[in-house]
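User: Please take a close look at the ligand site in this structure, and at how the parts around it are held. A connected account would suit me better than a list.

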Amino acid sequence: MMNKAILLDKRPVGKPALTDFKFIEEEMPVPAEGELLLKTLYVSVDPYLRGRMRDTKSYVPPFELGKPITSGLVTEVISSGNTDFQKGDFLFGYLDWKEYQISDGKGLMKVDGNAASLSTYLGVLGMTGLTAYLGLKEIGLPKPGETIVVSGAAGAVGNVVGQIAKLMGLKVLGLAGTDEKIETLKNKFKYDQGINYKTTENLSLAIKEACPDGVDIYFDNVGGEVSDAVLANIKFKSRIIICGAISLYNDTEPALAPRVEGKLVINSASMTGFIVGNYADQFPEGIQQLTAWYQEGKLISSETIVNGFDQIPQAFLDLFEGKNEGKMIVKI
Ligand SMILES: NC(=O)c1ccc[n+]([C@@H]2O[C@H](COP(=O)([O-])OP(=O)(O)OC[C@H]3O[C@@H](n4cnc5c(N)ncnc54)[C@H](OP(=O)(O)O)[C@@H]3O)[C@@H](O)[C@H]2O)c1
């Protein structure tokens, strides 16, 4: 039996393509003493992986050409030479895009398949759930009655931000790219309002009409022109959480944009970049809170599950086309 792996073959220029990836087959790995053999069950594909395909300094090192891509994976222990882990355990870790792989167990965390479905540890009970919760709590400083706008609102981070904001008593407006997503925001995630940014001619005016008293918090997942329209509507002492900027990730030239300094000054507003990894000390509390809400039925898990190891790169590319609702996950 051969093992499959997916390597970064070329550094994408502009929008990534399937030809930037290479599928290979290799000998099945054989664990040495003390090592684990892991079988991949679920793979997280995330917009931030685009940044790691670029050969530039960032908060995580770039992927190396000719080496496997890594992302968040849920795996099953097939054999264990490490007393901390048993055959049959389910583990989360940042691991290679391989069907099977060896690990010494460092950085891996057991996840409980009975407490929640295994895929949720890549979404609402994992990195994207923590991003939503900690970004909103720590930077957004939400107060009941305030108005929040969420971009990328139907995505993995965005849908959780909106749901938590509702739990905290805020008025929530979501921006997303299809009418179906807008219906989901309102009916499933209980957003107060939603706007399709792709079909709305004057987005800034539409936001003004939806939030006549202005925007207290903007949780930004997409950047670019969508954000220009929200920033035109910020309120005195508003907080802007810069979580991501997917609309700019494939740009080959820096984008020109309206200058925001004046708007920030006159509103005494703050705009803060947020990286979830910088809040690792709060992960246990965050996971505890997210799990409690999830188990009480107050927080819904939303996932788009794609089947098959060979579909991992395509699922990643589909993030840039908005093909996912909730967390994009590949089931192996
Ligand atoms: N700072 C952190 O620690 C951290 C952690 C996790 C994620 N992030 C960032 O947070 C953002 C959301 O990540 P996610 O994992 O939750 O992804 P996601 O929202 O589940 O998936 C990406 C979504 O972005 C939207 N999109 C794609 N191209 C766009 C464009 N040109 N303009 C506007 N929207 C576009 C699509 O939805 P539509 O159909 O609505 O267009 C798509 O479904 C990303 O920017 C990511 O890099 C940051």
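Analyst: What follows starts at the ligand, moves out through one of its contact residues, and ends with salt bridges and some loop residues. The model is predicted, and each value below is computed from it.

The ligand is surrounded by 28 residues, and the closest are Lys181, Tyr197, Tyr249, Phe274 and Asn324. By class, this shell is made up of 17 nonpolar, 10 polar and 1 charged residues. Helices α2 (127–140) and α3 (156–167) each supply at least two residues of the shell. The most comes from α2, which gives 3 residues.

Three polar approaches to the ligand can be described. A polar side-chain atom of Asn324 is 2.5 Å from an oxygen atom of the ligand. A polar backbone atom of Phe274 lies 2.7 Å from a nitrogen atom of the ligand. At Asn221 a polar backbone atom is again involved, 2.8 Å from an oxygen atom of the ligand. Taken alone, the ligand exposes 910 Å², and the protein buries 92% of that area.

Asn324 is worth following outward. This residue sits in the loop between α9 and β15. Is Asn324 buried or exposed? Its relative accessibility is 8%, so Asn324 counts as buried, the limit for that class being under 20%. Apart from neighbours within four places in sequence, Asn324 is in contact with Gly155, Lys181, Thr304 and Leu319. Of these contacts, Lys181 is also listed among the closest residues to the ligand.

The loop that carries Asn324 also holds Glu321, between α9 (312–319) and β15 (327–331). The side chain of Glu321 meets that of Lys15 in a salt bridge, with N to O at 2.8 Å. Lys15 belongs to the loop between β1 (2–8) and β2 (21–27), so the pair ties together parts that are 306 residues apart in sequence. Both partners are partly exposed: Lys15 has a relative accessibility of 49%, and Glu321 has 39%.

Ser302 offers another view of the same region of sequence contacts. It lies in the loop between α8 (283–295) and β14 (303–307). At 7% relative accessibility, Ser302 is classed as buried. Beyond its neighbours up to four places away in sequence, Ser302 touches Asn159, Lys188, Phe189, Glu325, Gly326 and Lys327. One of these, Lys327, falls within the residue range of β15 (327–331), and Asn159 falls within that of α3 (156–167), a helix that supplies at least two residues of the ligand shell.

The Lys15 pair is one of the salt bridges in the model, and a search of the whole structure finds 15. Another involves residues of α2 (127–140), where Glu138 forms a salt bridge with Lys137, the closest N and O atoms being 3.0 Å apart. Glu285 joins them, and Lys137, Glu138 and Glu285 are linked in a network of salt bridges. Lys137 is partly exposed at 25% relative accessible area, as is Glu138 at 28%. Elsewhere, Glu64 pairs with Lys67 in a salt bridge with closest N and O atoms 3.2 Å apart. Lys67 has a relative accessible area of 41% and is partly exposed.

Past the end of α2 comes Leu141, in the loop between α2 and β8 (147–151). Leu141 is partly exposed, with a relative accessible area of 46%. Not counting neighbours within four places in sequence, Leu141 has contacts with Leu136, Glu146 and Arg239. Between the C-alpha atoms of Leu141 and Lys327 the separation is 25 Å, for a distance along the chain of 186 residues.

Two lysines have backbone angles to note. Lys190 is not a glycine, yet its phi is positive, at about 65 degrees. The loop between α4 (179–187) and β10 (193–196) contains Lys190, which at 51% relative accessibility counts as exposed. Lys237 also has a positive phi, near 60 degrees, and is a residue other than glycine. Lys237 is placed in a strand, β12 (residues 234–242).

Key: Residues are numbered from 1 along each chain as its sequence is written. This is a predicted model: local features need pLDDT of at least 70, side-chain atom pairs count only at pLDDT 80 or more; totals for chains, interfaces and linings use all residues. Side-chain values use heavy atoms; hydrogens and water are left out. A salt bridge is a side-chain nitrogen of Lys or Arg within 4 Å of a carboxyl oxygen of Asp or Glu. Helices (H or I, at least four residues) and strands (E, at least two) are DSSP runs, numbered from the N terminus. Buried means under 20% relative accessible area, exposed over 50%, partly exposed in between (1.4 Å probe, protein chains only). Contact means heavy atoms within 4.5 Å. A residue is near a molecule or strand if one of its heavy atoms lies within 4 Å of it. A polar contact is a pair of N or O atoms within 3.5 Å; within protein, one must be able to donate a hydrogen and the other to accept it, and residues adjacent in sequence count only if both atoms are side-chain atoms. Accessible areas come from the Shrake-Rupley method with a 1.4 Å probe; for residues, only the protein chains shown count as cover. Ala, Val, Leu, Ile, Met, Phe, Trp, Tyr, Cys and Pro count as nonpolar, Asp, Glu, Lys and Arg as charged, and the others, Gly among them, as polar.
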